[in-house]
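Q: Please take one pocket of this structure and give a close, connected account of its lining. I should also like to know how the elements that supply that lining are arranged, and what else they border.

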Amino acid sequence: MKQKMLSYNRFFLAIAVIIGLMSCEDREIVTIDEQSPAVVMDLSTQSLMLDANFPNNQVLTVTWKPASFNVPVQMNYQLEISATENFENSTILGLSTAPQNYISFTSKQINEAVKKIGLVPDVVQKLFFRVNSSTGLNNFQQVSNITSLSIKPYLASPIYNFTDLYLIGAATAGGWDNLATNDKIYPLLKTANANIYTFTGFFKADGFKIIKTKGSWDAQYGLGASAGLLDTSGGSGNITISADGYYKLTINISALTYTLESVPTPTKTYNTISIIGTVNGNYDTDTELVQSSFDPHLWTLKKVKLNAGDFKFRANKNWDVNWGSTAEYFGTATQGGDNIPLTSEWEYDVYFNDSTGAYSLIPIK
């Protein structure tokens, strides 16, 4: 009886397989055929004179005819701009997903974008547009026709994607005067690791904290549960210095830790420290920094307009002692190092430490 049932089961299984194969043969294979590519249909204007006084005004809307297919598909669009018609140097101005086939932009959004592709401030130039389309799986990639408009951008702020932190407290040069106008509040040196900051300099026997924005206590780092730990709450304690002297402070804002290491007192002092280079004219013109009365090895230059170009720091307006680096905005300059690059004309706060070579250029917002 068991053998007979087994035979029946095998028979029905064979029938099921045959029916399944027949069904596969009859099943319709769906193919996706492209009917038309995305086409830029309209720019809301053919001329843009961007105004720095109204950065949030909506000044341009770009619309396009969506790509069409014989079956429904998910379409993604990239709006690309370039200074040249062959799009050798381009950037993505905006992204969209079907069914939306338009994007609007403010004066500031466009101005910042055209800076990336090298358009010159206060000059009328051509700006080229095209739309790149693809399906959700990045298939059926298509590039639209190209259209253009004339544009006159304004001087844009530097592309500065860094977060600065500042020392505050009686142990530091700025004291507890947390005002945005307090020029004695010094920044920590940023590093290649965005979570790690350092500062080397003179501290008095007292307390201090670290803030993110001069004039605000909203973001601060103080003493945590014990020495070596940081706390970000408003109730954090002061980090204390036991004796006057020179220290190296290192903090990790991700791990919320800090170290304080005593370092030797610098023995070499200078009468003047200046920047010299094409950023302030040429390599024959010095612009002097201001020496700190709290720590003679710290120098600042506030709200100085610098050109795009390069420069070095030098002592006593002489090339015998000079510092340079290849790093823009911040780094540790070395004796006789390379010219420091600066890609954007703007107003900056400049900080320099002659004992370590640490420097920072922070754009004024």
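**The second largest pocket and its strands**

A: The second largest pocket holds about 280 Å³ of space. Among the 18 residues that line this pocket, L189, T200, N353, T356 and A358 are the closest to its centre. The model is predicted, with local features requiring pLDDT of at least 70 and side-chain atom pairs pLDDT 80 or more, while totals for chains, interfaces and linings use all residues. Numbering runs from 1 along each chain as its sequence is written, and side-chain values use heavy atoms, without hydrogens or water.

A pocket here is an open set of points on a 1 Å grid over the protein atoms alone, with protein on both sides within 12 Å along at least five of seven lines; lining residues have an atom within 4 Å of a point. The lining of the second largest pocket comprises 11 nonpolar, 6 polar and 1 charged residues (Ala, Val, Leu, Ile, Met, Phe, Trp, Tyr, Cys and Pro are nonpolar, Asp, Glu, Lys and Arg charged, the others polar). At least two of its residues come from each of β14 (196–203), β24, β30 and β31 (strands are DSSP runs of E, at least two residues).

Of these contributors, β14 belongs to an open, antiparallel sheet of 4 strands with the order β13-β14-β19-β20. Its edges are formed by β13 (189–190) and β20 (257–262), each of which pairs on one side only (two strands pair if DSSP finds at least two bridges between them). Between β14 and β19 (residues 245–252), the antiparallel pairing extends over 8 bridges. Within that pairing, G201 has Y247 of β19 as its bridge partner.

The other contributors, β24, β30 and β31, lie in an open sheet of 5 strands, ordered β23-β24-β30-β31-β27 and paired in the antiparallel sense. At its edges stand β23 (290–291) and β27 (330–332); each has a single partner strand, so one side of each lacks a neighbour in the sheet. Antiparallel pairing joins β24 to β30 over 7 bridges, and L301 is matched with V350 of β30 as its bridge partner.

The largest pocket has a volume of about 570 Å³. It is lined by 19 residues, of which Y166, K214, D349, I362 and P363 are the closest to its centre. Two or more residues of this lining come from each of β24 (298–306), β30 (346–353) and β31 (358–363), and these strands also supply the second largest pocket. The lining of the largest pocket divides into 8 nonpolar, 3 polar and 8 charged residues.

Strand β14 also borders the largest cavity, giving 3 residues, the largest share of its lining (a cavity is a set of points where a 1.4 Å probe fits but cannot get out). This cavity has a volume of about 60 Å³. Its lining consists of L167, T172, A173, G174, K184, Y186, F199, F202, F203, F294 and L298. By class, these are 8 nonpolar, 2 polar and 1 charged.

Beyond β24, N307 occupies the loop that leads to β25 (309–315). N307 counts as partly exposed because its relative accessibility is 32%, which falls between the limits of 20% and 50%. Apart from neighbours within four places in sequence, N307 is in contact (heavy atoms within 4.5 Å) with T278, V279, G281, L342 and E345. The C-alpha atoms of N307 and G281 are 7.9 Å apart, although 26 residues separate them along the chain.

Technical notes:
Grid points are joined across faces, edges and corners, and a volume is the space filled by probe spheres set on the points. Buried means under 20% relative accessible area, exposed over 50%, partly exposed in between (1.4 Å probe, protein chains only).
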